[in-house]
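Me: I'm new to reading protein structures. Could you walk me through this one, feature by feature?

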Amino acid sequence: MFEEVHEVRTLIYEVKFNATLKSSLHPAHTHAQIERPPESTTPPSCVLMLDSNDMFKPIVFNYVNYVVSFMSNQRQQKPTLTGQRFKTRKRDEKERFDPSQFQESIIQGLNQTGTDLEAVAKFLDASGAKLDYRRYAETLFDILVAGGMLAPGGTLADDVTCTEFCLFKAQEDMETMQAYAQVFNKLIRRYKYLEKGFEEEIKKLLLFLKGFTESERNKLAMLTGILLANGNLSASILSSLFNENLVKEGVSACFAVKLFKSWLSEKDIGSVSASLRKVGMDNRLMELFPANKRSCEHFSKYFTDAGLKELSDFARNQQSIGARKELQKELQEQMSRGDPLKDIIAYTREEIKKNNISEQTMIGLIWSSVMSSVEWNKKEELVTEQAIKLLKQYSPLLKAFTSQGLSELTLLLKIQEYCYDNIHFMKAFQKIVVLLYKADVLSEEAILKWYNETHLAKGKSVFLEQMKKFVEWLKNAEEESESEEEEAD
């Protein structure tokens with residue numbers, strides 16, 4: 001027994017533990033009297049008795065471990081997928097594609113306006129505010145061109161209403177086609193989003209040409225030519241004419257004749273060629289014919305006989321340009337391989353005959369090929385020496401194709417242009433000309449004519465100053481030669 005009784009002040013705390021209690025209590029400083037509550041979803045509560053003198057050992061029960069064990073043994077609720085149905089807003093609901101009502105509205109309006117194309121344009125302008133042109137663009141253009149919706153192949157659908165007031169039912173003359181072109185022009189300018197849809201429609205109609213009558217094709221060709229001239233269409237739509245079936249049966253070439261006649265009645269060949277070149281169609285016109293007829297001679301004869309000599313000449317020129325590019329490429333390859341000059345000269349003469357290339361054109365190609373055959377030094381003081389060495393090597397080639405005075409002048413102009421465009425050659429001009437004079441490539445007459453009359457404006461003052469002393473020497477030499485001849489006589 002203890003003789004001394006210690007007065008113990010006992011502090012009683014009622015504590016509700018949470019998940020952080022384990023780290024905040026130490027079992028060496030606590031002893032607890034615990035009442036287990038009935039099963040519940042909340043952690044149990046307990047009474048802790050803390051000895052103020054820290055003399056009693058804790059009751060053997062770790063409350064913290066109990067709480068952690070209690071919490072971990074609780075059954076966790078599994079997540080469930082729950083939700084509610086949201087009502088779709090009326091504006092977000094996707095409408096079913098049904099062009100029949102749209103078609104009826106357009107046909108009814110066209111029947112009311114009749115042949116008055118001014119009234120038609122006003123009707124289409126006003127209807128765009130009420131009808132969905134963006135959604136039914138194809139239907140709209142089908143009706144305006146053919147009178148109703150077109151089935152695949154170009155025939156009118158059987159189960160739809162049609163109108164007689166459309167392009168295909170109109171008179172086949174340029175005045176009427178120009179009036180229809182204005183209708184389409186006003187419509188597309190008013191509703192810009194129709195531009196792409198209209199081009200796609202024309203491409204589709206061109207693929208359907210076999211399904212149309214000859215008169216319908218002619219009207220479509222005339223309209224397309226006018227729209228191309230006005231800039232309402234891109235020349236890229238012509239790619240549809242290269243369809244194999246259309247080409248094989250001659251439909252493409254026949255349609256192209258009407259189209260280009262219409263186009264050239266509005267614009268000149270320069271404008272037409274620029275539009276074709278812009279979309280890469282300038283080199284594809286031969287594809288209007290089958291492979292066995294795809295020659296410059298056949299193309300030229302076909303379109304010349306149809307009254308389109310301008311187009312024929314343009315195509316011939318384009319083919320010549322293509323042939324010249326291939327020739328220049330081949331010449332450069334022969335030079336880079338180091339082929340003998342006699343072989344290069346023989347090949348060049350053969351190409352002149354084959355492609356009907358003039359000597360003046362050929363000397364320009366040879367000059368460009370020679371100057372492109374090496375990589376030039378970046379230092380101005382060294383580039384002249386490099387040029388002289390190269391031109392000495394190829395002077396026999398240049399001489400072979402300067403048999404005419406005009407060819408010599410062409411070469412001089414090419415040299416002037418090259419030296420002006422490539423700044424490192426500005427001081428080399430006179431040395432190049434003198435070298436070619438000594439190699440009998442350039443004659444005295446050609447140099448004097450260039451100096452006095454035919455020089456270009458590019459670098460004129462610089463080059464004329466460089467040539468001044470040499471030209472004076474040539475004149476004196478000429479005078480001496482003439483006086484010697486007189487004495488001999």
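Me: What percentage of the 489 residues in the protein chain is buried?

Reply: Happy to help! Keep in mind that this is a predicted model. A residue counts as buried when its relative accessible area is under 20%. Here, buried residues make up 40% of the 489 residues. The chain's secondary structure comes to 20 helices and three strands.

Me: How do I check the span of a helix such as H16?

Reply: The idea is to allow 1.5 Å a residue and compare that with the distance between the end C-alpha atoms. H16 covers residues 380–400, so its 21 residues should span 30 Å, and its end C-alpha atoms are indeed 30 Å apart.

Me: Where does H16 bend?

Reply: Look at Tyr394: H16 bends there by about 55°. A proline, Pro396, follows within four residues. Tyr394 is also one of the buried residues of H16, along with others including Val383, Ile388 and Leu398.

Me: Which helices help cover the buried residues of H16?

Reply: To answer that, we look for contacts, meaning heavy atoms within 4.5 Å. The cover includes H13 (309–337), H14 (341–355), H15 (359–371) and H18 (429–438).

Me: At what angle do helices H3 and H5 pack?

Reply: For a helix pair, read the angle together with the distance between axes. H3 (residues 99–113) and H5 (residues 137–146) pack at about 35°, with axes 10 Å apart, and the crossing is right-handed. Among the residues that meet are Phe102 and Ile106 from H3, and Leu140 and Ile143 from H5. By class, this contact has eight nonpolar, two polar and no charged residues.

Key:
Residues are numbered from 1 along each chain as its sequence is written. This is a predicted model: local features need pLDDT of at least 70, side-chain atom pairs count only at pLDDT 80 or more; totals for chains, interfaces and linings use all residues. Side-chain values use heavy atoms; hydrogens and water are left out. Helices (H or I, at least four residues) and strands (E, at least two) are DSSP runs, numbered from the N terminus. The expected span of a helix is 1.5 Å times one less than its number of residues. The bend at a residue is the angle between axes fitted to the seven residues ending there and the seven starting there. Buried means under 20% relative accessible area, exposed over 50%, partly exposed in between (1.4 Å probe, protein chains only). Axes are lines fitted to C-alpha atoms, for helices over the stretch in contact, and angles run from 0 to 180 degrees between N-to-C directions. A crossing is left-handed if the near helix is turned anticlockwise from the far one by less than a right angle, and right-handed if clockwise. Ala, Val, Leu, Ile, Met, Phe, Trp, Tyr, Cys and Pro count as nonpolar, Asp, Glu, Lys and Arg as charged, and the others, Gly among them, as polar.
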